[in-house]
Amino acid sequence: MTTDRNVLGGELEPCGTDPLTGFHRDGCCTTGPEDVGGHTVCAVVSTEFLVHQQETGNDLVTPRPEHDFAGLQPGDRWCVCASRWLEAYSAGAAPPVLLAATHAKAIEVVPLSALREHAVDVPADPSALA
């Protein structure tokens, strides 16, 4: 398991394995110096987000077999670049976020308050929601 931390201060949880996400394609939004895009926000991509990204030149829908990328569909969990998520947030097209699977480095780019606005995490103990 990873020693990376999430934006809540806990251990970084997996983001998604179908499709397999992460800069390192390990299912987690881990990062490092080689990840110049900062793929640190675990998003549940929406149609609105995917359209917005296409319109800004970031096509996440078209399959790219040469990169072992099948293309994303609404509902997929994907580690997106923090700057791209913030761009979508500013345009009113930000997708939901899993805070427990979003790397702590994301808040170097995106305010935690913005991420919290779009959080869809369910706590391990759902009784805390009552």
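1. How many of the six residues of strand β1 (residues 39–44) are buried? Five are, which leaves the strand mostly covered. Note at the outset that this is a predicted model. Everything below should be read as a description of that prediction.

2. Strand pairing. β1 and β2 run antiparallel, and five bridges join them. Two positions help to find the pairing on screen. V41 stands opposite V80 in β2. C42 has C79 of β2 as its bridge partner.

3. Burial of β2. Four of the five residues of β2 are buried, so the strand is largely enclosed by the rest of the structure. β1 is mostly covered too.

4. The largest nonpolar core. This core has 22 residues. Those with the most contacts inside it are V41, F49, L72, V80, W85 and L115. At least two residues of this core come from each of β1, α1, β2, α2 and α3. The most comes from α2, which gives three residues. V41 and V80, both named here, are also the residues that stand opposite each other across the two strands.

5. W85 in detail. Set aside neighbours within four places in sequence. W85 is then in contact with V41, V80, A94, P95, V97, V110, A114, L115 and H118. Three of these names, V41, V80 and L115, also appear among the residues with the most contacts inside the largest core. W85 is therefore a convenient residue to centre the view on when checking point 4.

6. A separate core. Apart from the largest core lies another, of seven residues. Among them are C29, C79, L98 and A101. C79 is the bridge partner of C42.

7. L98. This residue sits in the loop between α2 (82–90) and α3 (112–117). Is L98 buried or exposed? L98 is buried, because its relative accessible area is 9% and the cut-off for buried is under 20%. Beyond its neighbours within four places in sequence, L98 is in contact with C42, V44, R77, V120 and D121. C42 belongs to the pairing in point 2, as the partner of C79.

8. Q53. This residue lies in helix α1. Q53 is buried, with a relative accessible area of 0%. Not counting residues up to four places away in sequence, Q53 touches N58, D59, L60, R84, E87 and A88. Q53 and L98 are 45 residues apart along the chain, and their C-alpha atoms are separated by 19 Å.

9. The largest pocket. About 380 Å³ of space lies in it. The lining has 18 residues. Nearest the centre lie R25, H39, N58, L60 and W78. N58 and L60 are also touched by Q53.

10. Make-up of the lining. The residues divide into eight nonpolar, six polar and four charged. α1 (47–55) and β2 (77–81) each supply at least two. β2 gives the most, with four residues. What else does β2 do? The strand pairs with β1 through five bridges and supplies at least two residues of the largest core.

11. R25. This is one of the residues nearest the pocket centre. R25 is placed in the segment before β1. Its phi is near 50 degrees, a positive value in a residue other than glycine. R25 counts as partly exposed, because its relative accessibility is 36% and that class runs between 20% and 50%. Please check the backbone here by eye.

12. The cis bond. Which two residues does a cis peptide bond join? They are D18 and P19, with omega at about 5 degrees. P19, like R25, is found in the segment before β1.

13. L112. This residue is found in helix α3. L112 counts as partly exposed, at 25% relative accessibility. Leaving aside neighbours within four places in sequence, L112 is in contact with V7 and I107. L112 and L86 are 26 residues apart along the chain, and 11 Å separates their C-alpha atoms.

Conventions. Residues are numbered from 1 along each chain as its sequence is written. This is a predicted model: local features need pLDDT of at least 70, side-chain atom pairs count only at pLDDT 80 or more; totals for chains, interfaces and linings use all residues. Side-chain values use heavy atoms; hydrogens and water are left out. On a 1 Å grid over the protein atoms alone, a cavity is a set of points where a 1.4 Å probe fits but cannot get out, and a pocket is an open set with protein on both sides within 12 Å along at least five of seven lines; lining residues have an atom within 4 Å of a point. Grid points are joined across faces, edges and corners, and a volume is the space filled by probe spheres set on the points. Ala, Val, Leu, Ile, Met, Phe, Trp, Tyr, Cys and Pro count as nonpolar, Asp, Glu, Lys and Arg as charged, and the others, Gly among them, as polar. Buried means under 20% relative accessible area, exposed over 50%, partly exposed in between (1.4 Å probe, protein chains only). Contact means heavy atoms within 4.5 Å. Two strands pair if DSSP finds at least two bridges between them. A nonpolar core is a set of buried Ala, Val, Leu, Ile, Met, Phe, Trp, Tyr and Cys residues joined through side-chain atoms within 4.5 Å.
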